[in-house]
Amino acid sequence: MENLTNTNVQLRNVLESDLSFLFKYQLDTEANYMAAFTSKDSTDKSAYLRHWKRLLNDEAIIKKTILFNDSIVGHMIHIVKHQYLFRDSL
C-alpha cells in the first residue's frame, strides 16, 4: 500500500473548468455502477453541462472539487435544506 504521510487532500469550490475533467469520471462504467444517482445517458455531455450549470447557480447547494496532491480526483455535493421549527399553539 502506498505511504500516504506526504500527501495533501483539499476541497475547493467547483470551477467550470473542472467539469470536462469530472465528466470523464461519469463515463467510467464501474463508477456508474457504484454511484447512488446516475443520469439516463451518462455519455450525454450537453445534458451533463446543463445539469451542472443549474448546480453552479444554486447557492443552496455546496459543491466541492476534491484534490489529491493537486490533482482532481472527484467532487462532492451537499444540498442544504432549510429546517423549520413548528410549535403547537397553546
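This is a short walk through one protein chain, from its overall layout to a few of its residues.

First, the ground rules. The model is predicted, so local features need pLDDT of at least 70 and side-chain atom pairs count only at pLDDT 80 or more, while totals for chains, interfaces and linings use all residues. Residues are numbered from 1 along each chain as its sequence is written, and side-chain values use heavy atoms, with hydrogens and water left out.

Let's start with the layout. The chain has three helices and three strands. Both kinds of element are DSSP runs numbered from the N terminus: helices are H or I with at least four residues, strands are E with at least two. In what order do the elements of the chain run from the N terminus? The order is β-α-α-α-β-β.

Now the surface. The accessible surface of the chain comes to about 7,900 Å². Carbon and sulfur atoms hold 54% of that surface. These areas come from the Shrake-Rupley method with a 1.4 Å probe, and for residues only the protein chains shown count as cover. Of the 90 residues, 19% count as buried. Buried means under 20% relative accessible area, exposed means over 50%, and partly exposed is in between (1.4 Å probe, protein chains only).

Next, contacts. A contact means heavy atoms within 4.5 Å. Take the contacts with a separation of 6 or more: 53% of them are between residues 24 or more positions apart.

Let's go to strand E1, residues 9-13, where we find Arg-12. How many salt bridges does the structure hold? It holds one. Arg-12 forms a salt bridge with Asp-18, and the closest N and O atoms are 2.7 Å apart. The rule here is a side-chain nitrogen of Lys or Arg within 4 Å of a carboxyl oxygen of Asp or Glu. In general, side chains of opposite charge can pair when their charged atoms come close. Which partner is buried, and which is partly exposed? Asp-18 is buried, at 2% relative accessibility. Arg-12 is partly exposed, at 26%.

Arg-12 also reaches along the chain. Its C-alpha atom is 7.9 Å from that of Leu-67, and the two residues are 55 apart in sequence. Leaving aside neighbours within four places, Arg-12 touches several residues, including Lys-63, Lys-64 and Ile-72. Thr-65 is also one of its contacts.

That brings us to Thr-65, in strand E2, residues 61-68. Thr-65 is buried, with a relative accessible area of 0%. Its side chain makes a polar contact of 2.7 Å with the side chain of Asp-18. A polar contact is a pair of N or O atoms within 3.5 Å; within protein, one must be able to donate a hydrogen and the other to accept it, and residues adjacent in sequence count only if both atoms are side-chain atoms. Beyond four places in sequence, Thr-65 touches residues including Gln-10, Val-14, Gly-74 and His-75.

After E2 comes a loop, leading to strand E3, residues 71-79. Asn-69 lies in that loop, and so does Asp-70. Asn-69 has a positive phi near 50 degrees, in a residue other than glycine. Asp-70 is not a glycine either, and its phi is about 70 degrees. Asn-69 is partly exposed at 35%, whereas Asp-70 is exposed at 63%.

On to the rings. Phe-23, Tyr-48 and Trp-52 are linked into a cluster by ring pairs. Rings of Phe, Tyr and Trp (its six-membered ring) pair if their centres lie within 6.5 Å; planes under 30 degrees apart are stacked, over 60 edge-to-face, and the rest tilted. By this rule there are three aromatic pairs. Why does the pair of Tyr-48 and Trp-52 count as tilted? Its ring centres are 6.5 Å apart and its planes stand at 50 degrees, so the pair is tilted. Both residues sit in helix H3, residues 45-57, four residues or about one helical turn apart. Tyr-48 is buried at 7%, and Trp-52 is buried at 2%.

Last, helix H1, residues 19-26, which holds Tyr-25. Tyr-25 is partly exposed at 36%. With Phe-21 and Val-73, Tyr-25 makes a nonpolar surface patch of about 250 Å². Patch residues have over 30% relative accessible area and no salt bridge; like charges are joined within 9 Å, nonpolar side chains (Val, Leu, Ile, Met, Phe, Trp, Tyr) within 5 Å. Gln-26 is in H1 too. Its C-alpha lies 6.2 Å from that of Ser-42, 16 residues away in sequence.
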